[in-house]
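Welcome! Open your viewer, and we will walk through a few stops together.

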Amino acid sequence: MNAKANKNQVSCIEPSYYQAVTKAIRTQAVQILKDATVAGVVGYLPGRRKGTARPALITTPEEAEKLIFSPACVNNLSVYLTKSKKGVLKQGRIGIVAKGCDMRALAGLMGESQIKREDLFIIAVDCAGVYGSGAERSDTVTEANIARKCLECAVHHPEGADFVAGSATDLSGLTPLEAEEMAHIEALPQAERWAFWKEHFSRCIRCMACRQVCPFCYCEQCLCDKNRPQAVESSPRPAGNTAWHIVRAMHLAGRCGGCAECERVCPMDIPLNLLNRRMAKELKELYDYEAGLAPAEKGPLTQYREDDDQSFIK
């Protein structure tokens with residue numbers, strides 16, 4: 001166990017934990033490439049700058065010896081298996097390195113018939129957390145630089161993988177910053193809540209980074225890009241910005257795996273994961289449903305049952 005706590009209850013994950021996970025991933029990746037179990041492995045390689053990592057498709061055992069797992073491995077690699085990123089699955093059966101939140105995305109994509117379980121060899125990581133956006137990248141992971149999503153992650157210990165790298169890590173006792181912020185926003189009067197989101201949406205520059213990085217935005221042509229008819233104004237103006245983010249949040253309701261990649265890549269620091277989490281909470285309260293690690297063919301918003309709650313109909 002390499003998770004420690006000091007007198008201020010700041011969790012500290014030693015580098016040796018990530019080194020052990022890296023070794024396990026390399027050993028497994030080399031083996032499945034050598035015996036032709038897979039045609040390639042989607043994983044992480046060191047980035048050009050110190051303390052960074054980059055996604056890569058590995059196809060030889062020699063390349064697999066260079067794979068890493070570190071707190072810099074923030075990307076959700078499942079996005080590289082979707083239709084919008086054509087080509088990877090055409091190689092044959094593919095191995096993929098996946099954190100718990102990434103596995104939730106994989107399960108969702110399986111449930112939506114975008115990928116098949118038999119086409120994957122999942123190398124899961126018992127994840128001790130990754131760096132937050134803009135955080136200082138020191139040699140250790142602490143409560144000061146860990147991603148906010150990791151502070152209250154419920155899927156550190158993934159299940160249903162072909163192989164799991166790492167042993168159980170204890171990250172209990174961390175301050176759930178997102179939950180506290182969401183509770184604060186929900187306690188505000190309706191007008192103030194609306195003003196909060198209007199202010200954030202007004203900064204949007206419509207770069208679409210949130211869409212490009214999301215595993216569930218796999219449509220080859222987005223409805224919001226069409227102009228005949230035009231569903232959402234494409235220029236970065238208040239009305240179009242608000243419509244875009246609300247439409248996208250509704251589209252992800254009951255599907256979002258909580259990887260928070262959309263928020264990480266947003267250049268304007270819009271708290272998109274708060275919005276997605278609020279929609280997830282709504283689905284849990286209304287339909288007792290949440291996106292999980294098991295593929296579900298239909299979520300509550302894509303099916304009808306006679307016992308569905310209809311109290312919202314006025």
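Which residue in strand 5 does glycine 40 stand opposite? Select glycine 40 and look across: isoleucine 94 is there. Before moving on, note that this is a predicted model, in which local features need pLDDT of at least 70, side-chain atom pairs count only at pLDDT 80 or more, and totals for chains, interfaces and linings use all residues. Residues are numbered from 1 along each chain as its sequence is written, and side-chain values use heavy atoms, leaving out hydrogens and water.

**Strand 3 and its partners**

Now select residues 40–46, which form strand 3; strands here are DSSP runs of E, at least two residues, and helices are runs of H or I, at least four, numbered from the N terminus. Six of the seven residues in strand 3 are buried (under 20% relative accessible area, 1.4 Å probe, protein chains only). Add residues 94–98: strand 5 runs parallel to strand 3, joined by three bridges (strands pair if DSSP finds at least two). Next add residues 53–58, where strand 4 runs antiparallel to strand 3 with six bridges. Here proline 46 has alanine 53 as its bridge partner.

**Asparagine 76**

Move to the loop between helix 2 (61–64) and strand 5 to find asparagine 76. Asparagine 76 is buried, with a relative accessible area of 2%. Show contacts (heavy atoms within 4.5 Å): beyond its neighbours within four places in sequence, asparagine 76 touches residues including Cys101, Asp102 and Cys259.

**Helix 1**

Finish at residues 15–34, helix 1. Its buried residues include Tyr17, Val21, Ile25 and Leu33. Just after helix 1, alanine 36 has a positive phi near 60 degrees.

Notes:
Buried < 20%, exposed > 50% of the residue type's maximum accessible area, 1.4 Å probe, protein only. Expected span 1.5 Å × (residues − 1).
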